[in-house]
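Let's take a look inside a protein model. Scroll through the structure below, then read on.

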Amino acid sequence: MPEIQFDGLVGPTHNYAGLSRGNAASTLHEGRQSNPRAAAREGLAKMRFVSSLGVGQAVLPPHDRPSLSALRRLGFHGSDEEVIAAAATVDGGRYLRACSSASAMWAANAATVAPSSDTQDGLLHITPANLLAMFHRGLEPATTTRVLRAIFAAGDRFVVHDPLPPAGALLGDEGAANHLRLATSRGAAHVFAWGRRAVGAFSGPRIHPARQTLEASLAIARLHRLDPSACRFAQQSPGGIDAGAFHTDVLAVGNGSFLLVHELAFADQAALTEDLRRLLGDELVVEPIADAELPAAHAVAAYPFNSQVLTVPDGSMTIVAPEDAREDPAARAMLERVASGQGPVRSVHFVDVRQSMQNGGGPACLRLRVPMTDAEVGALSGRVILDDALAEALVAWVDRHYRDRLMPADLADPTLAREGMLALDELTQLLKLGSIYDFQRVPGAAVDHERHRP
Ligand code: SUG
């Protein structure tokens with residue numbers, strides 16, 4: 001079944017606020033100047049490249065940031081300007097920074113997906129991730145749910161569930177970044193990776209937080225009506241999380257019959273691989289990468305595993321890796337060895353997504369994969385499938401609205417919020433998505449286009 005790559009378009013407030021403990025790049029770049037326009041252009045260039053390979057590409061809109069509704073729920077009140085000014089002074093501005101993050105760009109964390117071919121009711125199931133491990137990311141699920149329901153609106157084919165309840169520490173769900181779907185002629189297997197469990201003993205990471213719970217993964221598999229015999233629940237290696245692999249897709253990537261996996265991705269890799277082979281047969285090609293070939297620190301810094309492995313129209317596979325992995329000799333050598341071996345991968349391409357990488361998001365983080373039949377693609381709502389005309393319109397839209405430099409201190413500028421509303425209001429028209437943002441739905445909060453044109 002062909003797969004559509006739904007990429008998150010980078011939002012106008014893309015910045016480096018150092019919000020994600022356990023994400024080395026986010027910590028390293030805290031306080032640096034960002035370039036939202038370049039970030040959005042890099043993302044669009046990657047989408048156009050993937051589309052040029054003959055792979056279906058679609059776009060998900062950014063979220064409205066700063067989230068004024070989230071700031072109001074924290075007790076900041078008055079006009080939008082007053083809310084922003086007050087939040088900028090409390091706790092060193094931490095709530096304003098968190099509520100301004102453009103983190104919805106990392107669409108691999110938007111949701112988990114089960115294609116209709118794998119579900120017992122024949123529907124395509126999507127569950128938006130609750131992202132409760134990090135405050136700034138926990139602001140995403142409501143808008144993500146609205147966006148996905150606007151796009152996957154055809155109820156006879158698609159079901160977009162509510163995110164799992166953000167119930168204490170029980171159901172931490174990070175979406176597809178901790179999920180791998182593999183398939184051979186024997187059928188499909190779903191690997192759900194978890195970092196901690198709320199119930200029962202386990203040995204977890206010591207330094208960094210584990211975000212995904214086993215209980216959340218089990219609930220997603222149930223919700224998606226997957227055949228339990230096709231599901232595996234594998235613990236992420238605690239050492240891998242402590243080395244900076246806060247999501248599984250930092251150390252592993254799979255596509256169809258192919259799995260590229262670092263030694264520190266899973267706690268018991270040998271057992272998992274053996275089990276998958278029993279399930280999927282000898283067609284399964286596993287490329288295990290030893291820490292001796294590519295130390296985890298390189299894998300985390302250069303993100304060769306955070307690549308998109310794509311099946312192209314001739315049936316072979318290609319890897320779309322970050323430019324950073326080309327510049328790291330060990331990472332590059334590993335990818336080139338994999339692409340020149342006996343397996344299904346025939347080529348590697350490198351793309352520059354540096355603005356996103358500096359917050360810990362590589363090519364694979366920027367996209368949500370949705371395996372879909374042609375009829376399902378035809379049933380999507382909105383204008384989200386990327387063709388040349390839409391790509392050009394989006395680049396022009398970015399150039400019209402986005403700043404080319406932003407420091408965390410600039411988040412206190414109320415005109416940034418107005419610029420964002422104006423841009424996103426226009427975007428929903430471009431993408432034909434209707435009113436999906438709080439500022440479009442709250443009475444009295446409509447955008448005055450004439451007054452706020454930059
Ligand atoms: O959740 N970074 C994101 C990166 C997500 C990467 N996604 C995947 N691996 N699939 C995160 O840690 C940093 C934001 C900041 O510090 O400003 C951030 O949220």
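## The greasy middle

The largest nonpolar core here holds 118 residues, and F6, I151, F152, L260, F266, M372 and L394 have the most contacts inside it. A nonpolar core is a set of buried Ala, Val, Leu, Ile, Met, Phe, Trp, Tyr and Cys residues joined through side-chain atoms within 4.5 Å, where buried means under 20% relative accessible area (1.4 Å probe, protein chains only). Apart from it lies another core of 10 residues, including A114 and L164.

## About the model

This is a predicted model: local features need pLDDT of at least 70, side-chain atom pairs count only at pLDDT 80 or more, and totals for chains, interfaces and linings use all residues. Residues are numbered from 1 along each chain as its sequence is written, and side-chain values use heavy atoms, leaving out hydrogens and water.

## Around the ligand

So what touches the ligand? An oxygen atom of the ligand is 2.7 Å from a polar backbone atom of L19, and a ligand oxygen atom is 2.8 Å from a polar side-chain atom of S20. The protein covers 100% of the 490 Å² of accessible area that the ligand has on its own (Shrake-Rupley method, 1.4 Å probe).

Technical notes
Buried means under 20% relative accessible area, exposed over 50%, partly exposed in between (1.4 Å probe, protein chains only). A polar contact is a pair of N or O atoms within 3.5 Å; within protein, one must be able to donate a hydrogen and the other to accept it, and residues adjacent in sequence count only if both atoms are side-chain atoms.
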